[in-house]
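Visitor: I should like to learn how to read a protein structure. Where might we begin?

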Amino acid sequence: MYDEPIQPQPQYRHKPLNFKTKLAYGAGDAGAGITATLLAFSFLIFLTNVANLRPALAGTVLLIGKIWDAVNDPIIGYLSDRTRSRWGRRHSWMLVASIPFGIFFFLYWIVPTFSEDPGLNQWGRFLYYTVISIIFNAVSSAVTLPYTALTPELSKDYDERTSLTSYRFMFSIGGSILALALGQFFAMQFPDDSVAQYLSLGAVCAILSVLPIYWCVWGTTDPTAFNPRQRRVTPGSEDDVTPSGSILVQFKQVLESRPFWFVIGIYLCSWLSFQLTAAIIPYYAVSYMGMDSYFSVALVVQGTAMLALGLWSWVSYRYGRKRTYFAGMSGWIIAQILLFFLPSDRVDWLYILCAMAGLGVSTAYLIPWSMLTDVTDLDELNTGEQRQGTFYALMVFLQKTGLALGIWLAGIILELSGFVEPPPGEPIPPQPESALFAIRVVVGPLPAVFLIIGLFLMYYYPVTRELQETVILRLRERREAKDTAKTPNPEIEG
């Protein structure tokens, strides 16, 4: 491992990706943005207020689904790294899993009836949503993990990877805005029928989440694809950079990367804060602030985040990722804390605080994922193997495990605080002061604590821009040396 400091080296020139390729790559995350946003903002309140599950059971559905998602992510990442296909090891997974991805997302929003007995019916729905959650998370991982592993394979340039990430999250946030806008639209179309509201929303968004995946596949070139008529890389040869060893060996080696743990911690802290806020903000807006719908609040957060992506991408290019992250997180922390103290009649200030939080959410989208590409390059330099899928899978595994526990805890807190579930399809009844206090704590101070921890981790993150540029240069020199060694010498052959 590179324990000694690496001296900065001059930058090398590369052929930049064109606009069409960046646009197609970014489109690949639109479906994930649509589905993840609706599940983050709407699924918990859908389970408690429409499917009539107790908050503890609803939180347990999310816990089981996320834990299974975390378990299958490393397996899919490991298999993705070893897939050999004419479509490439990333594109082939995206193509196969795209249709099931849409189908099982739609099945989330059906409210089945299993029995006339309310207790049996609740347990039947609990099992139904648990099974759907397990299957959906598996096919979702089969789409999103290979997609995210494309980033370090499409470009080796430090700043261009940040640019790619900004395109990716422009579509991701754009998809989330579209989903929330559709949620507001269907809430207006079916004001007295929440079942029809969510079913229509789920059907439209299921279709919209699948189509951009094909745009990404046809608009980008998977560098690992091969033509069956052309020479193929022989496993075990010097050209083969496929990871060697068992899945447990690969995971053990990946977890030995010190910078990787910093990236995991930064990502987990920022996204645990976001997921906690997203899950509870509907209750905060409707039960505490007295609003008719929470979709407009979520739209402000995601809309601000999307508009700020270009700004933060420029700031990152000009001042570096650390300063960018600190700038975004500072405003976000202030906004989260003020949400706890906000009077229930100041809806105007709620929108202002949501816009402040959106600025920070934008850096949470942009910075950690671009940092992970630095880690995978450093690992390739140290080991000679490309295992981006394993890195991305383990990052998502640990992140989703933490998120699952956090969302489950939020459901438990709601139930213990005396939250009153409404009858199916009915408006949320007035909540006791204990429940309102718990909602304010989970939406405000609790996420702020995690964000502050993330700032400390970012401060000590060891990979600088200079180090990364040196790593890329050495990888390029290694590949050029291999190519030179394989080129026949015509004087010797003659």
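Guide: Let us begin with burial: a residue counts as buried when its relative accessible area is under 20%. The model before you is predicted, and 57% of the 494 residues of its chain count as buried.

Visitor: How many helices and strands does the chain have?

Guide: The chain contains 18 helices and zero strands.

Visitor: How may I judge whether contacts join distant parts of the sequence?

Guide: One examines the separation in sequence of the residues in contact. Among contacts in this chain with a separation of 6 or more, 84% are between residues 24 or more positions apart.

Visitor: Is S172 buried or exposed?

Guide: The test is the cut-off of under 20% relative accessible area. S172 has a value of 5%, and therefore it is buried. This residue belongs to helix α7, which covers residues 158–189.

Visitor: Which residues does S172 contact, beyond its neighbours within four places in sequence?

Guide: They are D29, A30, G33 and Y365. With D29 there is a polar contact between the two side chains, at 3.4 Å.

Visitor: Which residues touch the most other members of the largest nonpolar core?

Guide: A nonpolar core is a set of buried residues of certain kinds, joined through side-chain atoms. The largest one here has 127 residues, and F43, Y129 and Y284 touch the most other members. Helix α10, residues 258–288, supplies the largest share of this core, with 18 residues.

Visitor: What does Y284 touch, apart from residues up to four places away in sequence?

Guide: Y284 touches M289, L339, L342, L350, I439, R440 and V443.

Notes:
Residues are numbered from 1 along each chain as its sequence is written. This is a predicted model: local features need pLDDT of at least 70, side-chain atom pairs count only at pLDDT 80 or more; totals for chains, interfaces and linings use all residues. Side-chain values use heavy atoms; hydrogens and water are left out. Helices (H or I, at least four residues) and strands (E, at least two) are DSSP runs, numbered from the N terminus. Buried means under 20% relative accessible area, exposed over 50%, partly exposed in between (1.4 Å probe, protein chains only). Contact means heavy atoms within 4.5 Å. A polar contact is a pair of N or O atoms within 3.5 Å; within protein, one must be able to donate a hydrogen and the other to accept it, and residues adjacent in sequence count only if both atoms are side-chain atoms. A nonpolar core is a set of buried Ala, Val, Leu, Ile, Met, Phe, Trp, Tyr and Cys residues joined through side-chain atoms within 4.5 Å.
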